[in-house]
Amino acid sequence: MAKDIEKKVSILVVDDRPENLTALEATLDQPDLKIVKALSGTEALAKLLEEDFALILLDVQMPDMDGFETAKLMRGIDKTKHIPIIFVTAINKDQKYVFRGYESGAVDYIFKPLDPDILKSKVNVFVELYRQKNRLEEINLELSTLYKLMSVVSTTIDFNLLANHIVEVIVKNKLLDVLNKALFFIVQDNKLVIKSQYGFSDDFICIRENVEMGKCLCGLAAKTGDVIISPDSEKDANHNIKLNGDPHGHIIIPIKDSEGICGVVCLYTPKDIKVSERKIQLLKTVGMQLGIAIEKSKLYEKTKDLSLHDALTGLANRRLMDIILERTFISAKKYNGMCSVIMLDIDYFKKYNDKFGHQAGDELLVKIANKILDIIKTTDLVVRYGGEEFLILLPETDLTRAAEIAEKIRTIIEKETEVTVSLGCSSFKNEYNKKEEIIEKADNALYTAKKEGRNKVKIEN
């Protein structure tokens, strides 16, 4: 496995004497460091605006603008105010002089004549701090990107909206160095068909509208299932569908569902992009998560036109439940995911029917169905399981959260209707071989709740 690519860290060295700059550069000659030199405070300020630096080594005695004044100006610029400054000086080690340096914004002093070992040791400390800060920022950005994508996944079930949102989140987030151009393909009849795009002309879309599996970079990613990084579109032999334009790179992310590759996301990048192995693994994870979301979304679209709902309550019936539970079960088992089930039974429903009549009983069923729908997420599934029994399927939900949802449902129904309910909860386990096992466990928990006096939530796992 390739190691993560470590970029050189830039250090700004400021001194009005060229021979001092040369000496510092020679002392700090390391493969992971880039030494940028400036002969004055004014030149240093200009260079600070051009690139990012881990550290500034600043001479105190300079003719036009001394180090103290230069440091104060550096601290006044948003882009540079957090860069550590080490003063380099040959004079005056007394306390007042040193304090003046700290007040100007320095974090440390190095006194001449320079000890090479001390210099390199201090520089390496700040370089490592800079690298760690960047790593933390990168991890935070990765988590933020995943959170935004999962927010889209959990709140969007319409396939067209989902496709557009996915592309927009990836392009606009700064996780990757991506140009404002992206394509989202889905696999149809052994071809890649554009479902959503960002930043392209109609002429380009016509050329790329259908890509054969294995052809060009997108087709290759769809065929192999691998994330493809292509640094230069002009030199890559696999990039064989081209339009005239500026040279660029590509990142192609395959999207996988439980049945295999269902699409790809094609991102345009600046030329010669380099992506670390850790980011490649993250992109694979993104592809799998998007596959699960797209699979759910496609299933929703497919079932909209089918008669898969209970006529009285409008809830899903057992036929639809079987389809969605099967897909949810396969995804959880394949990707070590979570899903939970709640079984709900109305307490003494027969007595209610006998007392108020069947029409009132039907109205009560509708009322309870609506109460449940008000509480759960749109990505969860409520099923009219039979008679006065309801099943609630909770994808990406663990047993603790399922029990909390069940208790909330129980409390609302007791408070806002004329009846109470008993509920049983269970959660997916990897050792389950059939989807029915999770329902059996929830049913056992429901039986325990009724046996112990009803109007309770019980769990079994």
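Helices (H or I, at least four residues) and strands (E, at least two) are DSSP runs, numbered from the N terminus. The model is predicted: local features need pLDDT of at least 70, side-chain atom pairs count only at pLDDT 80 or more, and totals for chains, interfaces and linings use all residues. Residues are numbered from 1 along each chain as its sequence is written, and side-chain values use heavy atoms, with hydrogens and water left out.

**Exercise 1. Backbone exceptions in loops**

Task: Locate E396 and N190, and state for each the sign of phi and the exposure class.

Solution.
Step 1. E396 lies in the loop between strand 14 and helix 13. Its phi is near 55°, a positive value in a residue other than glycine.
Step 2. For exposure, buried means under 20% relative accessible area, exposed over 50%, and partly exposed in between (1.4 Å probe, protein chains only). E396, at 43% relative accessibility, is therefore partly exposed.
Step 3. N190 sits in the loop between strand 6 and strand 7 (191-198). Although N190 is not a glycine, it has a positive phi of about 65°. With a relative accessible area of 56%, N190 is exposed.

Task: Which peptide bond is cis, with omega near 0°?

Solution. The bond from K112 to P113 is cis. P113 is placed in the loop between strand 5 (108-111) and helix 5 (116-155).

**Exercise 2. Length and packing of helix 12**

Task: Compare the expected span of helix 12 with the distance between its end C-alpha atoms, then describe its surroundings.

Solution.
Step 1. The expected span of a helix is 1.5 Å times one less than its number of residues. Helix 12 (residues 358-375) has 18 residues and should span 26 Å; its end C-alpha atoms are 26 Å apart, so the two values agree.
Step 2. The buried residues of helix 12 include A360, G361, L364, L365, I368 and I372. An α-helix has 3.6 residues a turn, so residues three or four places apart point the same way.
Step 3. Contact means heavy atoms within 4.5 Å. The buried residues of helix 12 pack against strand 12 (339-346), helix 11 (349-356), strand 13 (381-386), strand 14 (389-395) and helix 13 (399-416).

**Exercise 3. Two helix pairs**

Task: Classify the crossings of helix 11 with helix 12 and of helix 2 with helix 3.

Solution.
Step 1. Axes are lines fitted to C-alpha atoms, for helices over the stretch in contact, and angles run from 0 to 180 degrees between N-to-C directions. Angles under 35 degrees count as roughly parallel, over 145 as roughly antiparallel, 65 to 115 as roughly perpendicular and the rest as oblique.
Step 2. The axes of helix 11 and helix 12 come within 7 Å and cross at roughly 135°. Helix 11 is therefore oblique to helix 12. In this pair, F349, Y352, N353 and F356 of helix 11 meet H358, A360, G361, L364 and L365 of helix 12.
Step 3. Helix 2 (residues 41-48) and helix 3 (residues 67-75) have axes that come within 10 Å and cross at roughly 20°. These two helices are therefore roughly parallel to each other. On the helix 2 side G41, A44, L45 and L48 make contact, and they meet T70, L73 and M74 in helix 3.

**Exercise 4. The sheet around strand 10**

Task: Give the strand order of the open sheet of six strands, then follow the pairing through strand 10.

Solution.
Step 1. Two strands pair if DSSP finds at least two bridges between them. The order is 8-7-6-11-10-9, with antiparallel pairing. Strand 8 (210-212) and strand 9 stand at the edges with a single partner strand each, so one side of each has no neighbour in the sheet. On average, neighbouring strands of this sheet are turned by 25° against each other, direction ignored.
Step 2. Strand 9 (residues 228-230) pairs with strand 10 over three bridges, where I229 has I251 as its bridge partner.
Step 3. Strand 10 pairs with strand 11 (residues 260-269) over nine bridges, and I251 is bridged to L267. Two residues lie between these strands, which form a hairpin.
Step 4. Strand 6 (residues 182-188) and strand 11 pair over five bridges, with L183 opposite C266.
Step 5. Eight of the nine residues of strand 10 (residues 249-257) are buried, so it is largely enclosed by the rest of the structure.
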